[in-house]
Each structure stands twice: as C-alpha cells, then as structure tokens.
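User: I am new to this structure. Please take me through one part of it closely, then show me what lies around that part.

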Amino acid sequence: MTAVEARGGGIRLLIADDEHLIRGALVALLGLEPDIEVVASVDNGVSAIEQAAATRPDVCLLDLEMPEVDGIEAASRILASVPTRVVIVTRHARPGVLRRALAARVSGFVPKSTPAQELAHVIRDVAAGRRYIDPEIAATALTAERSPLTDRELDALRFSRSTMSVQQIAERLHLAPGTVRNYLSSAMTKLDATSRHDAAEKAWQQGWI
C-alpha cells in the first residue's frame, strides 16, 4: 500500500525548479488538479532536500539542472531519508543522465516539454507505485553507445563542465583532490582529450553525462 492509499487523501507534491516562470506555471496548473496538492515550491536542490524532510510529500517533482545540488543528487539524498517518490524533469534527456537517475531510484523521468495534464498522469502513476520513463528518452538510452568511462570518471567530468576547481569537485565527490586528478587524467586518456574540459565536452556530446 502506498502512502497516498494509506492516508486516503490527495497526492502531496513538492516542486523544485530554478526557473521562476516554469515553476510558477507548474504550481498553478498542477494545483488545479483535484487530487494534487502542492505542499512546497523551491528554486534549488538544497531547499528541495530541506522541504522534503519538512513536508514529507508523496511525490517530488525535481528539475534536473538546479544550482547547488542537481535534481538527481537531490533525489538521492531525499530518498535516503524520506518515504517519497521522485520524478525528474529535464531539457537535456541524455542517456547517461537517465542511467544516473535510475541508479538513484528515481521513479519518473520526463522532458520539460511534457504538457501539464500528461505530467499530472505521470505523478499519479508514480504516487501509485509505478515507474514512468518517457518512451523517446528510453529508446535513445537503449541505442546509445556504451561509455568506456567508469562511474567515478563520469562524475568527475560532469562537474568539470562547470567552473568548479579540482578541489571543489573533490569536496563534492567526497574524494581527495589527487584521486579526482587521477580520474580526470584517466578519462582524458580514454577520450584522447587535451584537457579535462575537452574530455567533459566529448563525454557530453556522446550523451554519457
């Protein structure tokens, strides 16, 4: 029995998106659904983690790309301590991102172009204990070339797409800076890249991060 069934009420929803207009539209449109109640609306991953703990929603709708903590990292932290389910929405439906989401036990993965009414159906399915992956995203992931990089190498490259230093990447990954440098060096060799940023761009173009 799901939390919604046990309580016998509507679906309590948390929405996290750093784009004010999109978040406002989602709050307004999903709030019109008779069985969905928006209990929290935040603009970053850290606030999503805090509000999930405070409000204990049935479903968390998280944007993938948010400041401080991205949607998948936020999902992983939320699911470690709150009995909820997570749907990730993204503009960049890349195979590597989907694999990260599934590894984090995310229940739904949809593009931002999904109409609000369809998104409401996805939220209901997820709240009922089912999983929903957008068919086009799933098909792309199945046909994508497999990455030659390890998960840790991919993590290091993913953060290298930002302006973060090696020290900051190490802190985010809870690793020693020397270890991160080794991962980056290994990834650069495998991808025949001239720098960590070049390697990160190549991995991005292949859909691995």
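At roughly what angle do the axes of helix α9 and helix α10 cross, and within what distance do they come?

Analyst: This is a predicted model. In it, the axes of α9 (residues 166-173) and α10 (residues 177-191) cross at roughly 105°. They come within 8 Å. Angles from 65 to 115 degrees count as roughly perpendicular, so α9 is roughly perpendicular to α10.

Now the residues at this crossing. From α9 come V166, Q167, I169 and A170. They meet P177, V180, R181 and L184 of α10. By type, the contact holds 6 nonpolar residues, 1 polar and 1 charged.

V166 has another role to note. It belongs to a core of 21 residues, which also includes F159, M164 and W204. This core is separate from the largest nonpolar core. In soluble globular proteins, nonpolar side chains tend to be buried together.

The largest nonpolar core has 28 residues. Within it, L14, L62, I78, V86 and I88 touch the most other members. Several elements give two or more residues to this core, among them β1 (11-16), β3 (59-63), β4 (85-90) and α7 (135-143). Helix α4 (71-81) is also on that list, and α4 gives the most, with 5 residues.

Helix α4 leads back to α9. Its buried residues are G71, I72, E73, A74, A75, I78 and L79. They pack against α9, and also against α3, β3, β4, α5 and α8 (151-160). At the start of α4, a side-chain oxygen of D70 reaches to within 3.2 Å of the backbone nitrogen of I72.

Two of these α4 residues, G71 and I72, are in contact with I88. Beyond its close neighbours in sequence, I88 also touches L62, L64, V106, G108, F109 and V110.

Beside that group sits S107, in the loop between α5 (95-103) and β5 (108-111). Its relative accessible area is 9%. The cut-off for buried is under 20%, so S107 counts as buried. Away from its close neighbours in sequence, S107 contacts R85, V86, V126, R130, R131 and Y132. One of these, V86, is among the core residues that touch the most other members.

One last stop is helix α11 (residues 196-205), which holds D198. D198 is partly exposed, with a relative accessible area of 22%. Leaving aside neighbours within four places in sequence, D198 is in contact with D192 and A193. R161 is 37 residues away from D198 in sequence, yet their C-alpha atoms are 9.1 Å apart in space.

How values were computed. Residues are numbered from 1 along each chain as its sequence is written. This is a predicted model: local features need pLDDT of at least 70, side-chain atom pairs count only at pLDDT 80 or more; totals for chains, interfaces and linings use all residues. Side-chain values use heavy atoms; hydrogens and water are left out. Helices (H or I, at least four residues) and strands (E, at least two) are DSSP runs, numbered from the N terminus. Buried means under 20% relative accessible area, exposed over 50%, partly exposed in between (1.4 Å probe, protein chains only). Contact means heavy atoms within 4.5 Å. Axes are lines fitted to C-alpha atoms, for helices over the stretch in contact, and angles run from 0 to 180 degrees between N-to-C directions. Angles under 35 degrees count as roughly parallel, over 145 as roughly antiparallel, 65 to 115 as roughly perpendicular and the rest as oblique. Ala, Val, Leu, Ile, Met, Phe, Trp, Tyr, Cys and Pro count as nonpolar, Asp, Glu, Lys and Arg as charged, and the others, Gly among them, as polar. A nonpolar core is a set of buried Ala, Val, Leu, Ile, Met, Phe, Trp, Tyr and Cys residues joined through side-chain atoms within 4.5 Å. A polar contact is a pair of N or O atoms within 3.5 Å; within protein, one must be able to donate a hydrogen and the other to accept it, and residues adjacent in sequence count only if both atoms are side-chain atoms.
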